[in-house]
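Ready for some practice at reading a protein model? Grab a pencil, open the viewer and work through the exercises below, peeking at each solution only after you've had a go.

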Amino acid sequence: MKFKLVEGLEVRPSGIEGKGCFAVKVFTRRHKIAEYAGEIITDAEAVVRSRRRRHLRICAIDSHWSLDGSIGGNATAFINHSCEPNAFMRITHNHILFIARCDIQAESEITVDYGYTYHSDSKRCHCKAATCRGTINRPQD
Ligand SMILES: [Zn+2]
């Protein structure tokens, strides 16, 4: 897959799953790491694509629109889920931003809590955090 380069980030093999997104510089707490990029698609198209692929790089903007980071995306499309993440997503004016939750040192893998995704509810989480909930999707109340 071809993807755009983002300053301070690199795609490398991950201990969590497949490839991950790694910091190659320090990101300080509450500062922007990067913006998600990809093809804008409808919710219905996101459902269709998520059934066909093993690696999902689809990120919802709202209940109508999503970005598919496998087309025109950047290193943030490789950010893995963790139940104890060092970053979070903030959606503002149709832009999906990744923000540091804590100071992130160079060479650390960037992770976020995906919350609820197009993955099946049975997809296991391998984040190794002490508080790991066991699945990628957060159970719905
Ligand atoms: Zn976990």
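**Exercise 1. Find where N94 sits, and work out whether it is buried or exposed.**

Step 1: place it. N94 lies in the loop between β8 and β9; strands here are DSSP runs of E with at least two residues, numbered from the N terminus.

Step 2: a word on what you're looking at. This is a predicted model, where local features need pLDDT of at least 70 and side-chain atom pairs count only at pLDDT 80 or more, while totals for chains, interfaces and linings use all residues. Residues are numbered from 1 along each chain as its sequence is written, and side-chain values use heavy atoms, with hydrogens and water left out.

Step 3: check the accessibility. N94 has 53% relative accessibility, so it counts as exposed (buried is under 20% relative accessible area, exposed is over 50%, partly exposed is in between, using a 1.4 Å probe and protein chains only).

Step 4: look at the backbone. N94 isn't a glycine, yet its phi is positive, at about 65°.

**Exercise 2. Which other non-glycine residue, in the segment after β10, has a positive phi?**

Step 1: go to the segment after β10, where you'll find K128. Its phi is near 70°.

Step 2: check the surface. K128 is exposed, with a relative accessible area of 67%.

**Exercise 3. Work out the strand order of the open sheet of 3 strands.**

Step 1: recall the basics. Strands of a sheet pair through backbone hydrogen bonds, either parallel or antiparallel. For the count used here, two strands pair if DSSP finds at least two bridges between them.

Step 2: read off the order. It is β3-β9-β8, with antiparallel pairing.

Step 3: find the edges. β3 (32–35) and β8 each have a single partner strand, so one side of each has no neighbour in the sheet.

Step 4: check the twist. Neighbouring strands are turned by 30° against each other on average, direction ignored (axes are lines fitted to C-alpha atoms, for helices over the stretch in contact, with angles from 0 to 180 degrees between N-to-C directions).

Step 5: zoom in on one pair. β3 and β9 (residues 95–100) are joined by 3 bridges, and A34 has F98 as its bridge partner in β9.

**Exercise 4. Which residues bind the zinc ion, and what is the arrangement of the donor atoms?**

Step 1: list the donors (N, O and S atoms within 2.8 Å of the metal, or 3.2 Å for Na, K and Ca; water is not among the atoms, so sites may look incomplete). They are the SG atoms of C83, C125, C127 and C132, at 2.3 to 2.4 Å from the zinc ion.

Step 2: test the angles. The 4 donor atoms subtend angles of 104 to 113° around the zinc ion, so the arrangement is tetrahedral (four donors with all angles between 85 and 135 degrees).

Step 3: trace the chain. C83 is in the loop between β7 (80–81) and β8 (87–92) and C132 is in the segment after β10 (109–112), so this pair ties together parts 49 residues apart in sequence.

Step 4: compare accessibility. C83 is buried at 15%, C127 is buried at 10%, and C132 is partly exposed at 27%.

**Exercise 5. Why does C59 have no bond to the closest cysteine sulfur?**

Step 1: a disulfide is a pair of cysteine sulfur atoms within 2.5 Å.

Step 2: the closest cysteine sulfur to that of C59 is in C21, 13 Å away, which is too far for a bond. The count by this rule is 0 disulfides.

Notes
Four donors count as tetrahedral if all angles lie between 85 and 135 degrees; four count as square planar and six as octahedral if opposite donors are over 155 degrees apart and all others between 65 and 115; anything else is irregular. Helices (H or I, at least four residues) and strands (E, at least two) are DSSP runs, numbered from the N terminus.
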